[in-house]
Amino acid sequence: MSRIGRSPIPVPQGVTVALDDYTVTVTGPQGRLARRLPPGISVTQADDVLNVARSDDAREQRALHGLARSLVANMVTGVTQGFSKELEIVGVGYRANARSPQEIELALGFSHPVVVDAPDGISFEVPVPTRIIVRGIDKELVGQVAADIRKIRKPEPYKGKGVRYAGERVLRKAGKAAK
């Protein structure tokens with residue numbers, strides 16, 4: 001049996017969980033998330049604990065068991081604490097400017113500034129012009145928005161200029177060798 005799928009998910013105070021067929025809806029102080037689980041995976045609630053179970057030991061069910069448990073646990077964490085992802089901007093003249101919590105303007109060496117709009121449930125924060133913080137309650141959406149921002153100007157291997165995750169190491173290449 002899956003070691004991850006077997007572990008129970010504690011439900012903190014102030015969080016309500018609604019189970020309807022294959023749909024799990026979690027509501028908390030930060031907001032509300034809903035997700036449809038794959039067929040054969042079921043969630044049961046006892047006291048303040050959620051348990052994820054699978055219908056049989058088929059290969060596909062075993063693969064989805066731990067995934068479904070992690071998704072539900074991330075929903076509970078998201079509505080209580082939320083998630084954030086930090087990005088760093090490296091390069092001369094490269095900077096970010098917050099127009100609003102829902103919109104940032106990036107100067108990344110292009111002939112024009114790049115404007116990024118946040119989808120519903122995501123907010124941006126720019127504490128300094130070279131750092132962007134993406135916040136939200138849906139872990140998958142926070143990671144996707146951060147990846148989309150990074151994709152605008154990936155860190156290049158020669159000087160390391162571009163947008164990278166905080167703490168990310170960029171493998172550097174040697175430049176041209178002199179004759």
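The lining of the largest pocket mixes six nonpolar residues with one polar and four charged ones. This is a predicted model, and the pocket in question has a volume of about 170 Å³. Below you will find its walls, then the sheets and hairpins, and finally two residues worth a visit.

**The largest pocket**

- From the early part of the chain, the lining of the largest pocket takes in Leu33, Ala34 and Arg35, among others.
- Also in this lining are Leu71, Asn74, Met75 and Phe83, along with the run Ile137, Asp138, Lys139 and Glu140.
- Three elements each supply at least two lining residues: strand 4 (32-36), helix 2 (59-80) and helix 3 (139-152).
- As general background, a probe the size of a water molecule, rolled over the atoms, shows where empty space is left.

**The four-stranded sheet**

- Four strands make an open sheet in the order 11-12-7-13, and their pairing is antiparallel.
- Strand 11 (122-125) and strand 13 (162-165) are the edge strands; each has a single partner strand, so one side of each is left without a neighbour in the sheet.
- From one strand to the next, the twist of this sheet averages 25 degrees.
- Four bridges link strand 7 (residues 83-90) with strand 13 in the antiparallel sense.
- Within this pair, leucine 87 sits opposite tyrosine 165 of strand 13.

**The three-stranded sheet**

- A second group to look at is an open sheet of three strands, ordered 8-9-10 and paired antiparallel.
- Its edges are strand 8 (95-100) and strand 10 (114-117), each of which pairs on one side only.
- Neighbouring strands here are turned by 25 degrees against each other on average, direction ignored.
- Strand 8 and strand 9 (residues 103-107) run antiparallel and are joined by five bridges.
- Alanine 96 has leucine 106, in strand 9, as its bridge partner.
- A general reminder for reading any of these strands: in a regular strand, side chains alternate between the two faces of the sheet.

**Two hairpins**

- Strand 3 (residues 23-27) runs antiparallel to strand 4, with five bridges between them.
- Threonine 27 finds its bridge partner in arginine 32 of strand 4.
- Four residues lie between the strands of this hairpin, where glycine 31 takes a positive phi near 160 degrees.
- Strand 5 (residues 41-46) and strand 6 (residues 49-54) are also antiparallel, paired over six bridges.
- Glutamine 45 faces leucine 50 in strand 6 as its opposite number.
- The hairpin of strand 5 and strand 6 has two residues between the strands, and aspartate 47 in the turn has a positive phi of about 55 degrees.

**Arginine 150**

- Arginine 150 belongs to helix 3, an element that also contributes to the lining of the largest pocket.
- With a relative accessible area of 18%, arginine 150 falls under the 20% cut-off and is therefore buried.
- Beyond residues up to four places away in sequence, arginine 150 touches Pro155, Val163, Arg164, Tyr165 and Glu168.
- One of these contacts, Tyr165, is the residue that stands opposite leucine 87 in the pairing described above.

**Proline 12**

- Proline 12 lies in the loop between strand 1 (9-10) and strand 2 (16-20).
- Its relative accessibility is 36%, so proline 12 counts as partly exposed.
- Leaving out neighbours within four places in sequence, proline 12 is in contact with Val76 and Thr80.
- Between proline 12 and isoleucine 133 there are 26 Å in space, C-alpha to C-alpha, and the two are 121 residues apart in sequence.

Terms used: Residues are numbered from 1 along each chain as its sequence is written. This is a predicted model: local features need pLDDT of at least 70, side-chain atom pairs count only at pLDDT 80 or more; totals for chains, interfaces and linings use all residues. Side-chain values use heavy atoms; hydrogens and water are left out. On a 1 Å grid over the protein atoms alone, a cavity is a set of points where a 1.4 Å probe fits but cannot get out, and a pocket is an open set with protein on both sides within 12 Å along at least five of seven lines; lining residues have an atom within 4 Å of a point. Grid points are joined across faces, edges and corners, and a volume is the space filled by probe spheres set on the points. Ala, Val, Leu, Ile, Met, Phe, Trp, Tyr, Cys and Pro count as nonpolar, Asp, Glu, Lys and Arg as charged, and the others, Gly among them, as polar. Two strands pair if DSSP finds at least two bridges between them. Axes are lines fitted to C-alpha atoms, for helices over the stretch in contact, and angles run from 0 to 180 degrees between N-to-C directions. Buried means under 20% relative accessible area, exposed over 50%, partly exposed in between (1.4 Å probe, protein chains only). Contact means heavy atoms within 4.5 Å.
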